[in-house]
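Open the model in your viewer and keep the selection tool at hand. The tour goes from one pair of chains to another, then into the interior.

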There are 6 protein chains.
Amino acid sequence: MKDLTEKKIEQSIEDRKRTYRTFFDNVKTYKPFLELEEKTFKDGVLNRRTKELMALSISIVTKCEPCMEWHLDQAIQNGATDEEIFETIDVSIEMGGGQAGAYARFVVKALDYFRNKNESR
Amino acid sequence: MKDLTEKKIEQSIEDRKRTYRTFFDNVKTYKPFLELEEKTFKDGVLNRRTKELMALSISIVTKCEPCMEWHLDQAIQNGATDEEIFETIDVSIEMGGGQAGAYARFVVKALDYFRNKNESR
Amino acid sequence: MKDLTEKKIEQSIEDRKRTYRTFFDNVKTYKPFLELEEKTFKDGVLNRRTKELMALSISIVTKCEPCMEWHLDQAIQNGATDEEIFETIDVSIEMGGGQAGAYARFVVKALDYFRNKNESR
Amino acid sequence: MKDLTEKKIEQSIEDRKRTYRTFFDNVKTYKPFLELEEKTFKDGVLNRRTKELMALSISIVTKCEPCMEWHLDQAIQNGATDEEIFETIDVSIEMGGGQAGAYARFVVKALDYFRNKNESR
Amino acid sequence: MKDLTEKKIEQSIEDRKRTYRTFFDNVKTYKPFLELEEKTFKDGVLNRRTKELMALSISIVTKCEPCMEWHLDQAIQNGATDEEIFETIDVSIEMGGGQAGAYARFVVKALDYFRNKNESR
Amino acid sequence: MKDLTEKKIEQSIEDRKRTYRTFFDNVKTYKPFLELEEKTFKDGVLNRRTKELMALSISIVTKCEPCMEWHLDQAIQNGATDEEIFETIDVSIEMGGGQAGAYARFVVKALDYFRNKNESR
């Protein structure tokens, strides 16, 4: 039987894709939000990788699993190393305590998931 | 394989039913809470539909999946249209940003689920 | 001595004005956010008043005092009655319990503040 | 000049009293909430002191200052010792990290405030 | 088909074990966190059982499912009775309202799960 | 009359100092927490400045004013530029929406406060 945490990761990816069209056609805030998102994460005085790790740290402390899935993947695709991700977890635990530690497990498992997926490409 | 998000929706419905008796017999706050709930959602100067949409908006921003499942279903049963639900998502995204956007996917999928269930009745 | 809660309300209004220029000139997300905000709150199938009350309910449950100050004022300026605001507090308490009840005091005091300000205009 | 944290404590006490009548007369959920509150905190298999400390720990982690003020005072009036309050802070920091540590300062100052007030009675 | 809530409970237990080594070897905050955790939960003026119930109440209000799983199990292993757990749910609902009520279902189901597991030992 | 937001900043600084001894002598988690904090923020593959900005972004989204005060000051003392702080606000608004925008005003005012204090040294 497949691991439930892996299923959650894959479902998060699938839901994002499957609901995209509905959001785009019906949710009025979606277009300005996409613009806001783009302006946020493009390289500035902080590069995109740093910003994605920052977003990942927020996602851990606020217990947002689909956010962790997305920003971890984006961080990796923009060159984040395992060490950088572990230090992001450090900041999250310092700020959010045991709750952040519990949600950081999701990140550790998602990290394995994305590293494996990239290797098998 | 069944969609995990759909399973979560169905599990939320089932858990509410399956734990009801335990709450009723053991949790002292449950009876006054049911009264509080009833007073909250009955038609007043705001009608029930509006109040359920309000509760839905809170549920999205606070990332409460079983709450989203319940208040969406109640909103629909009290006549909420798709357009009203999408505008509720707008308010949630304005207040809660990308995190709210990520949890609104659950609402979009639950909306499909409840609309389909009602059609097949 | 002036009431601290009233001072917080006035400081919230003042800080919004005093930081506006800094946000506008320096924070890249600010312009798309203003567009997102405008799209959110303009009359749709839900009118602006309803949406402002919805935002107020979210603000109470998430304990956001400057948000309460702003969305209460906007709700009042768009015709919200005291009864509608009290029913918004009902939904907030149902969803958020005693914590929401504690923050709803801020709303009750801000309601007095804004009603008095409008009378003396 | 008076300490701002002390002013917040006193304002929290005053706002609770000053808004009570408004809640009682206008907020429909208020009466069932008072019943719910009473059922929650009366001595059971857990005594009231333990329950108030539990509520205090929740208040610290959720950053609810008026809740901290109230449940600390109630805990003290029900016999809580300084040592018990410090161990409540321990649990809060374990669960909520540095954020809980920062809000626990409010508890430490409120503890001084209430101990002094009781001595001078 | 297995109950999804039970699967979540088992996955939470498994993820804790499976990620332990990764945390221990890579996350710098992990060792001081383990020390902090140990100091928090050992018997003091409050005994461990009380502290675990306190942590459980925080977990319900903050909607932390892996935290609920862990602290419920620890509370039970330290002698917590069903009545004590139900009164912990009371405090959580008083503080956190309907959202806490919805997450308390997870606790009720996990309670069944752990009681059954212990019986069959 | 002094600005209330400035008073909050100064009170946050003062409360940290004034409660330090009480925490150190009475709160068992405090020493391992200080060690955890030190391990978190020392230069690693991410430098301290980046980690402080990360902690600042978390503080904005979780509405933790004393955390914002501290991590902003630490970021500045470790060389953070205004541009970096504004991009940190961007990430916070993307993740946390209008609520983050409202709390970012505190950061903007605290930025002025700390820059002025440093100039007058």
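Start with chains E and A. Their contact takes 18 residues from chain E and 15 residues from chain A. Keep this predicted model turned so that the chain E side is in view. Which helices of chain E each supply at least two residues to that side? Select helix 1 (4–26), helix 2 (30–41) and helix 4 (65–77) of chain E. Now colour helix 1 of chain E by itself. Helix 1 gives eight residues, the largest share of the side of chain E that touches chain A. Then colour that side by class. You should find five nonpolar, six polar and seven charged residues on the side of chain E that touches chain A.

**Next stop: chains A and F**

Hide chain E and show chain F beside chain A. How many residues does each chain put into this contact? Chain A gives 25 residues and chain F gives 25 residues. On chain A, select helix 2 (30–41), helix 3 (48–61) and helix 5 (82–119). Each of these helices gives two or more residues to the side of chain A that touches chain F. By class, this side of chain A has 10 nonpolar, seven polar and eight charged residues.

Now superpose the pair. A turn of 180° with a shift of 0.0 Å along the axis lays chain A on chain F, with an RMSD of 0.0 Å. The two copies are thus related as by a two-fold rotation axis. Why do the copies meet through the same surface? Because 100% of the interface residues of chain A are also interface residues in chain F.

**Into the core**

Show the largest nonpolar core, which has 216 residues. Which residues have the most contacts inside it? Select A:Val107, B:Val107, C:Val107, D:Val107, E:Val107 and F:Val107. Zoom in on A:Val107. Beyond residues up to four places away in sequence, A:Val107 touches A:Ile60, A:Met68, A:Leu72, A:Ile85 and A:Ile89.

**Last stop: B:Met68**

Move to chain B and select helix 4 (residues 65–77), where B:Met68 has its place. Is B:Met68 buried or exposed? B:Met68 counts as buried, because it has 26 C-beta neighbours inside 10 Å. Add its contacts, leaving aside neighbours within four places in sequence: B:Leu56, B:Ser59, B:Ile60, B:Phe106, B:Val107 and B:Ala110. Finish with a distance between C-alpha atoms. Those of B:Met68 and B:Leu56 are separated by 5.6 Å, with the two residues 12 residues apart along the chain.

Technical notes: Residues numbered from 1 in each chain as written. Chains lettered and ligands numbered in written order. Predicted model: local features only at pLDDT ≥ 70, side-chain atom pairs only at ≥ 80, totals over all residues. Least-squares fit on C-alpha atoms with pLDDT ≥ 70 in both. Contact = placed C-beta atoms within 7 Å. Helix = DSSP H or I, 4+ residues; strand = E, 2+ residues; numbered from the N terminus. Nonpolar A, V, L, I, M, F, W, Y, C, P; charged D, E, K, R; others polar. Core = buried A, V, L, I, M, F, W, Y, C linked by C-beta atoms within 7 Å. Buried ≥ 20, exposed ≤ 12 C-beta atoms within 10 Å, placed from the backbone.
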